[in-house]
Amino acid sequence: VFTLDGTKDRYLDNMQASQRTKATMKVKLTTLIAVSAIAIATGVVISGTSLPLISSEETEPEKPEALPQIETIFVALDQEVVPVPVERSGNGGALVSLGDDLIVMTHEGGFFDVTGDTAQPLTIAPPDNGWDDMLAFEAANPAYNFAHFYFRYNDVDIFEDQMIVSFTQWVADQDCYRTTVAAADLSGAQTAGDMTVSQDDWRIIFATEPCLEPQSVGRAINGHMAGGRFRVAQDGTIYLAAGDYAIDGTYAPVALSQDPNATYGKILAIDLETGAFETVSQGHSNMQGIVIDKQNTIYAVAHGRRGGDELNRIEVGKDYGWPQVSLGTRYNRLPLQSAIEYGRHPIFEAPIYSWLPSVAISSLTQIDEFHPAWDGDLLAGSLRAQTLFRIRMRDGRVLFNERIELDSRIRYVHQHGDYIAL
């Protein structure tokens, strides 16, 4: 979970705990925190035996303060904190595994090996997201309200010796922004420490169209509504959950998710080698998680507004209705401007589960070879609810949805062997 949204005091308490404690990790919760201009990073974990740390000011190790165990119905989880440094305020980022190594990508494109007790920086430069050019445009056009906090790298994966990254990109020669997917060759690297990637090593595979002009009303770029999560199928097809950047007929005059000429608000199937793509489904809002299960079924989770967060089973050619249908309202409690029926989800493909009130659903994975009581289940994170949801599917429906409260905003969920990293 990458989070910078809580109170300063609670995060400082968490950081102090991280300086006192290390443990054998079974489930890791990694949290990035920035306070004012100073970047503070902490993480949390679900784990085993605690060991003391020796600081430079102590001659005797201090007995660590154990973090509380997290109780679930079938499994008890321990937790630990792992520091991850960031330079600027923001949220986002992702986690990926390479062999036995667990790698974190921060919202600003920093890469760290977080397998051990401390985050080790990696020699990986991210693809150019046009950050400096965007700042130059902002300086020359002060009427625009740029929310730097939300301009970020969205997801990362490793497939057949290639690292793949999705991110919001500012295109300087057009003064516009888009969601971009890029890949870099890892040259046979087997461990995180073996990887060396320069910015010139990245090649752009795909970019959404059209490139969007910054908005003059409200935020210039609603980067937190970019979606940008993706998964790679066994045949190398990238399934990208491309959000609509809140250009949905309510916060902007058009609804891109219903525009067949725009690749926003869509699930897209992209060829890793050629960049050729097909639209799988449309009518989506801000998808923050996507997974391909063992039966090759695609599931995605998406934010609603005030109510109406969704878990969708994705089927080719289906329209999921956003923003014409939703099981939520605008934040001011009024109906969505383009909604065809209040409080109902008619005509279009309905979600297989919806959260009311909203939990700010944020990520999605499938559990495998973790624990017999969990294997095969979907695991989703949430921001507002600060909760994991363990979802059991049976015969195409949700059998149950176990709520696991963590008291921390969960931005990302990733299984790393017998760990679960957040």
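Q: What must be found between two strands before they are said to pair?
A: Two strands pair if DSSP finds at least two bridges between them. In this predicted model, strand 19 (residues 286-292) and strand 20 meet that description, pairing in the antiparallel sense over six bridges. One of the facing positions is glycine 289, which stands opposite valine 301 in strand 20.

Q: How many residues lie between the strands in the hairpin of strand 19 and strand 20, and which residue there takes a positive phi?
A: Five residues lie between these two strands, and asparagine 296 takes a positive phi near 65° in this hairpin.

Q: Which strand does strand 20 join through five bridges?
A: Strand 20 is joined by five bridges to strand 21 (residues 309-314), and the two run antiparallel. Here alanine 302 stands opposite glutamate 310 in strand 21. The hairpin of strand 20 and strand 21 also has five residues between the strands, and in it glycine 307 takes a positive phi near 95°.

Q: Where do the side chains of a regular strand point?
A: In a regular strand, side chains alternate between the two faces of the sheet. In strand 20, Ile298, Ala300 and Ala302 point one way, while Tyr299, Val301 and His303 point the other way.

Q: Are the residues of strand 20 buried or exposed?
A: A residue is called buried when its relative accessible area is under 20%. Six of the six residues of strand 20 (residues 298-303) are buried, so this strand is largely enclosed by the rest of the structure. Burial therefore applies to the residues pointing either way from strand 20.

Q: Which strands stand at the edges of the open sheet with the order 23-24-25-26?
A: This open sheet has four strands with antiparallel pairing. Strand 23 (361-366) and strand 26 (397-405) stand at its edges; each has a single partner strand, so one side of each is left without a neighbour in the sheet. Neighbouring strands of this sheet are turned by 25° against each other on average, direction ignored. Strand 25 (residues 387-394) pairs with strand 26 in the antiparallel sense over eight bridges. Within that pairing, isoleucine 391 has asparagine 401 in strand 26 as its bridge partner.

Q: Where is glycine 188 placed, and why does it count as partly exposed?
A: Glycine 188 is in the loop between strand 12 (176-185) and strand 13 (196-197). Glycine 188 counts as partly exposed because its relative accessibility is 37%, and partly exposed covers the range between under 20% and over 50%. Glycine 188 and glutamine 162 are 26 residues apart in sequence, with a C-alpha to C-alpha distance of 9.0 Å.

Definitions and conventions. Residues are numbered from 1 along each chain as its sequence is written. This is a predicted model: local features need pLDDT of at least 70, side-chain atom pairs count only at pLDDT 80 or more; totals for chains, interfaces and linings use all residues. Side-chain values use heavy atoms; hydrogens and water are left out. Buried means under 20% relative accessible area, exposed over 50%, partly exposed in between (1.4 Å probe, protein chains only). Axes are lines fitted to C-alpha atoms, for helices over the stretch in contact, and angles run from 0 to 180 degrees between N-to-C directions.
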